[in-house]
Amino acid sequence: MARQWCDGHSTSILCVGASPGPEGLLASGSEGGEVTVWSQEGTIIGRLMLSGEEDSTSVAFSPVAPGLLYVSHGDTVSVLDPRNLKGTVEEFQGAGEEEINAVALNETGSALAVADDSGAVRVLELPGGKVCRTLRRHTNICSSVAFRPHRPNNLLSAGLDMQVMLWGLQKTRPLWTLNLQDVAEEEDDHQQRPGQLFNPPLAHCVSVASCGNILGCAAEDGRVHLMRIGSGSKLEQQGAVKAHSQGASQAHFVHFLSHPYWLATGGNDGQVALWDVSKHPVVSPEGKPKTGGTAAPRRKGKSKAKRKEQSQDKAKTPLKVEAEKEAAEEEEEAVAVAAAAAAEEVTEEKSGPKLSISHGDKVNWLCPAVLKGEHSLVVADQSSNLTVYPLSQL
């Protein structure tokens, strides 16, 4: 049975965060700078109105110091003591160049990343809040950031420019960039029916599984785009789950269930879903065709032997025959890609969500949490209340 947590806010709740540990608190932020801290039973521990009354857009607890809560509002990050919400402990003013949309901490609690409306990602040293890196590659609003578990110097960012980027904090340029629009167009060439329109895949929320190698990104095209990072932090494979009939606003891997590949999603269609993506071709490629589910944005070059063989053929083959041969090869590749895309389509049809909830209102934020030992999803929507869904049926 769903439960409502009421009276914590007077405005629409925009974000929710859970503190790690069995006694962990929860925090929520809403429009107009409200912050509320909750017990695991849904009792209000404290409420605070932040200075400037700008929207509280993101909340994050320190993974190493449960007495530290970071909240973004405007271009500022306020540090709060969740058990004593009398005022701010510290303020990092100008942490963002423009309004901050998301904050994330690395697992050692030594770095705080902020994503802002200018498209910049800034990394602040903790404690102190000194800006040590400004990463500029997004050409539109940067909506989400997440550190990779086990790699405190690797950071993911996603934005309304439809790009997902992996950064190594030693450098100011990304290790790789995936343009979701290129991927979506490649898929839709094979799948689009006449008159069917797709929203562009603006990236809203990026999440990393606890293994550190599988990423999920909720996008405006209703898909959650999945990526696998291989050795050397390279992008090894990508694909997608068609999760929502309208934009997917939230995607969070759930770290407390039977394996790391449970993924909770929420969308503008008012649906909340829980997916087991452990058998998705991106997550477990064994036994799948190497082309993967959806066509990879960069296909590997041909083997040296084959290239050598072809160059020898070129020397002795008339141009016309060579052109025909190339056309046949291209056709073969197109057929393989189409088959792979169709295979992905079939897998997804069969493997729908393990749990589907008609929440009924557009989802602003989803927060997986263990509340008094019960596996739960905490949902924030357009209202001023939180809804808690138990996952006991799993």
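This is a short walk through a predicted model, strand by strand and turn by turn.

Let us begin with an open sheet. Four strands make it up, in the order β2-β3-β4-β5, and their pairing is antiparallel. β2 and β5 (44-49) sit at the edges, each pairing on one side only. From one strand to the next, the twist averages 15 degrees. If you would like to see one of these pairings in detail, look at β4 and β5, which run antiparallel and share five bridges. Within that pairing, V37 stands opposite G46 in β5. As background, the strands of a sheet pair through backbone hydrogen bonds, and they can do so in a parallel or an antiparallel way.

Next comes the packing of nonpolar residues. In soluble globular proteins, nonpolar side chains tend to be buried together. Here the largest nonpolar core has 26 residues, and V16, L26, L69, L80, V378 and L386 are those with the most contacts inside it. Which elements give two or more residues to this core? They are β2 (13-18), β3 (26-30), β4 (34-38), β6 (56-61), β7 (69-73), β26 (365-371), β27 (374-380) and β28 (386-390). Of these, β26 gives the most, with four residues.

L80 is a good place to look around. Setting aside residues up to four places away in sequence, L80 touches V35, L48, L50, G67, L68, L69, V71, L85, G87, T88 and V89. Now step back along the chain to S78, which lies in strand β8 (residues 76-80). Is S78 buried or exposed? It counts as buried, because its relative accessibility is 0%, and the cut-off for buried is under 20%. Beyond its neighbours within four places in sequence, S78 is in contact with L50, L69, Y70, V71, H73, T88, E90 and E91. Two of these partners deserve a second look. T88 is 10 residues from S78 along the chain, and the C-alpha atoms of the two are separated by 6.2 Å. With E91, the side chain of S78 makes a polar contact, side chain to side chain, at 3.3 Å.

Further along the chain we reach strand β19 (residues 214-219), where six of the six residues are buried. I214, G216 and A218 point one way from this strand, while L215, C217 and A219 point the other way, and all are buried. β19 also has partners to follow. Strand β18 (residues 203-208) pairs with β19 in the antiparallel sense over five bridges, and S207 has G216 as its bridge partner in β19. β19 and β20 run antiparallel too, joined by five bridges; here the bridge partner of I214 is R228 in β20.

Both pairings belong to hairpins. Between β18 and β19 there are five residues, and G212 in the turn has a positive phi of about 90 degrees. The hairpin of β19 and β20 has three residues between its strands, and in it G222 takes a positive phi near 85 degrees.

For contrast, turn to strand β25 (residues 355-358), where the side chains alternate: L355 and I357 point to one face and are buried, whereas S356 and S358 point to the other and are not. Strand β24 (residues 271-276) runs antiparallel to β25 and is joined to it by four bridges. In this pairing, V272 has I357 as its bridge partner in β25.

Finally, some backbone details in the loops are worth finding. Most residues other than glycine have a negative phi, and most peptide bonds are trans. M162 is not a glycine, yet it has a positive phi of about 70 degrees. You will find M162 in the loop between β15 (151-159) and β16 (163-168), where it is buried with a relative accessible area of 13%. S233, also not a glycine, has a positive phi of about 60 degrees. Its place is the loop between β20 (223-229) and β21 (235-242), and at 16% relative accessibility S233 counts as buried. The last stop is a cis peptide bond, which joins L126 and P127 with an omega of about -5 degrees. P127 is found in the loop between β12 (120-125) and β13 (130-136).

Technical notes
Residues numbered from 1 in each chain as written. Predicted model: local features only at pLDDT ≥ 70, side-chain atom pairs only at ≥ 80, totals over all residues. Heavy atoms only, no water. Buried < 20%, exposed > 50% of the residue type's maximum accessible area, 1.4 Å probe, protein only. Pairing = 2+ DSSP bridges. Core = buried A, V, L, I, M, F, W, Y, C linked by side-chain atoms within 4.5 Å. Contact = heavy atoms within 4.5 Å. Polar contact = N/O pair within 3.5 Å; in protein donor to acceptor, adjacent residues only side chain to side chain. Axes fitted to C-alpha atoms, helices over the stretch in contact; angles between N-to-C directions.
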